[in-house]
Amino acid sequence: MSSKLKSKPEFADRTWRYFVISVPYVWLLVFFFIPFLFVFKISFSDPIIAQPPFTPLFDWSKDSFDVFLGTLDNYRFLTEDNLYWLSYLKSARVAAISTLLCLLLGYPMAYGIARAESTIRNLLLLLVILPFWTSFLLRVYAWMGMLSTHGVINNVLMWIGLIDQPLKLLYTDFAVYMGIVYTYLPFMILPLYANLERLDLSLHEAAADLGARPFQVFRDVTIPMSLPGIIAGCLLVFIPALGEYVIPALLGGVDSLMIGRTLYNEFFLNRDWPLASAVATVLLFILVIPMMIFQKYQVTTSDGPE
Amino acid sequence: MKKHSVFLLSVMAFGYAFLYLPIVMLIVYSFNDSRISSVWNGFSLRWYEALFNSEQIIDAGLLSLRIAAISATLATIFGTLAGLALTHMGSFRGRLLFTGLIAAPLVMPEVITGLSLLLVFVSSEQLIGWPENRGTVTIIIAHITFSMAFVAVVVQSRLSSMDKSLEEAAMDLGGRPFRVAYDITLPLIAPAMLSGWLLAFTLSIDDLVIASFVSGPGSSTLPMVVYSKVRLGVTPDINALATIIICVVGLGVVVAGVIMRRQEKLRLSEARMSG
């Protein structure tokens, strides 16, 4: 083939390659990456009563240095008012406890599914995924009916005579835990299952042959080998739960201010966009490390055995 | 191997009861005649009637379906390209940032995504005059952005687990990369693209927080209407809506399962015939 003929398809190949990479890349840069720079920038501006309610992005009337810097008032306010510290701490605690509960329930379930007969394994897995395909909002809403004063749980407890007065379950932290564990459980089970299903059972047999008791096998062989699945599942629950808005807003009490709800209120009720941006920036900095760990496991699991 | 332990079986029974009891109760109470949902007053379809007579819910439902169909389709195209870029294009400049941009939307708290997109839309309106109004278009852009990452992950896992020999053979025979992608790769990853599309559709039709940030007056999606109704307590017509959604999803999953099983059988018998 002469070089003249060959150069044309090569140009087409390069264009195709360029197209495949740049279309999704540019989209994500413009609508996912650059927006964070705007959040960061606006977190340094002043709230004003106008549309939009913050001082212009670049105020050219000031001298050159101030044009880009703006004010640190929002961050100062975050450290001075206890509300924000308490919201961050509360979110971290609620997310951590919910993640642990998800793991305690999800691990045995994933283990049971992975060890089930192959005929019913797919059905069991499907039953875990199925609620995920129905509406998230409606699944949270379902717990409002379960937990209310005359709801299912109180009725059952009164019927078996455990309590004579209905308990206050809805609008408490308990309700928030239930909501998070309920909606995020599939995200814990799926990576754990993917990991446990591939485990080499011969190691278990070897450990058992050498006289290890079932619990020892589980503790010393199964758990360490499924650590990547545990970490992926925990991060998949912990990170979104930390910024969760809907669950604390519908199921939590007035005082259960998680940071997602605080941000939402700051934005929609107080219309203080710069302060909301500062809250988001701090939350993002808190999440950077867990997200980087998640990405590492995402890459290692998706590359898989080549 | 020995039988399952009692502990394991009871945890699984508890787990599945935990997953399904709230859904079953929701369905049961959607047929309850009483306004207070905890008291059973007899069978009734009045909440379904109320639901179908609510113009607000019907309009919001149609808007949500439209947004979900458009954003899922575009997210599938972009997400498939992203999956191809990560598996078939070797190394390129900025690959590390790219993988980060694909992984981050999977876990990013919705309040942050919503706030950041809104600030971009507002600022770009100030700077270049676009978008003039927030509404359907801005919601579609937001939904494409977070759901394309999910599609990319689904497609990528299919691409990296599949047999490369067909593509290599086509390349060896002089196929150009685009033709090979179109004639060989695309049919092979079509099932993954379909599940990616369904996932993107579900994520879009389900999204409350991001849509609340980026929508404008007059464009309320179904979750926004539902949320405004339930934030003050249990409303029976929402039970009816939930029941309909659960039935549609359940039916869809059963149909998909039957089709997949039939295809599997067909493939097996074909393999037996040819082998």
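Helices here are DSSP runs of at least four residues in state H or I, and strands are E runs of at least two. On that basis, chain B of this predicted model has eleven helices and zero strands. Read along the sequence, the pattern for chain B is simply α-α-α-α-α-α-α-α-α-α-α. The chain is not balled up, either: its radius of gyration is 23 Å, well over the 19 Å that the globule rule gives for 275 residues, so chain B is more spread out than a compact globule. Its C-alpha trace spans about 70 × 65 × 35 Å along the principal axes.

Even so, 43% of the 275 residues of chain B count as buried. Among the contacts in chain B with a separation of 6 or more, 78% are between residues 24 or more positions apart. As for confidence, chain B averages a pLDDT of 88, and 97% of its residues score at least 70. For the complex, the predictor gives an ipTM of 0.89 and a pTM of 0.89.

Chain A is built from helices as well, with 14 of them and zero strands. From the N terminus on, its elements run α-α-α-α-α-α-α-α-α-α-α-α-α-α. Buried residues account for 42% of the 306 residues in chain A. Of the contacts in chain A with a separation of 6 or more, 74% involve residues 24 or more positions apart.

Next comes the meeting of the two chains. Here, 78 residues of chain A are in contact with 67 residues of chain B. On the side of chain A that touches chain B, helix 1 (residues 3-42) gives the most, with 21 residues. That side of chain A divides into 59 nonpolar, 15 polar and four charged residues.

The largest nonpolar core holds 157 residues, and the members touching the most others are Trp143(A) and Leu115(B). Helix 8 of chain A (residues 173-197) supplies the largest share of this core, 15 residues. Grouping of this kind is a familiar theme, since in soluble globular proteins nonpolar side chains tend to be buried together. Leaving out residues up to four places away in sequence, Leu115(B) touches Phe213(B) in chain B, and over in chain A it touches Val39(A), Leu263(A), Phe267(A), Ala276(A), Ser277(A) and Ala280(A).

Gly243(A) also has contacts in both chains. This glycine sits in the loop between helix 11 (227-242) and helix 12 (246-251) of chain A. Gly243(A) counts as buried because it has 27 C-beta neighbours inside 10 Å, where 20 or more is the cut-off. Setting aside neighbours within four places in sequence, Gly243(A) contacts Ile259(A), Gly260(A) and Leu283(A), along with Pro109(B), Glu110(B), Val111(B) and Ile112(B) from chain B. Its C-alpha lies 21 Å from that of Leu28(A), with the two positions 215 residues apart in sequence.

Val26(A), in helix 1 of chain A, gives another picture. With 11 other C-beta atoms within 10 Å, Val26(A) is exposed, since 12 or fewer puts a residue in that class. Val26(A) and Phe77(A) are 51 residues apart along the chain, and their C-alpha atoms are separated by 36 Å.

A few spots in the backbone deserve a look. Most residues other than glycine have a negative phi, and most peptide bonds are trans. Two residues of chain A go against the first habit. Tyr171(A) has a phi near 65°, a positive value in a residue other than glycine. The loop between helix 7 (152-159) and helix 8 of chain A is where Tyr171(A) lies, and this tyrosine counts as partly exposed because it has 18 C-beta neighbours inside 10 Å. Arg271(A) likewise is not a glycine, yet its phi is positive, at about 50°. Arg271(A) is in the loop between helix 13 (259-268) and helix 14 (273-303) of chain A. With 14 other C-beta atoms within 10 Å, Arg271(A) is partly exposed.

The second habit is broken in chain B, where the peptide bond from Trp130(B) to Pro131(B) is cis, with omega near -5°. Pro131(B) belongs to the loop between helix 5 (110-128) and helix 6 (136-161) of chain B.

Definitions and conventions:
Residues numbered from 1 in each chain as written. Chains lettered and ligands numbered in written order. Predicted model: local features only at pLDDT ≥ 70, side-chain atom pairs only at ≥ 80, totals over all residues. Core = buried A, V, L, I, M, F, W, Y, C linked by C-beta atoms within 7 Å. Contact = placed C-beta atoms within 7 Å. Nonpolar A, V, L, I, M, F, W, Y, C, P; charged D, E, K, R; others polar. pLDDT = per-residue confidence, 0-100. Rg over C-alpha atoms; globule rule 2.2 N^0.38 Å.
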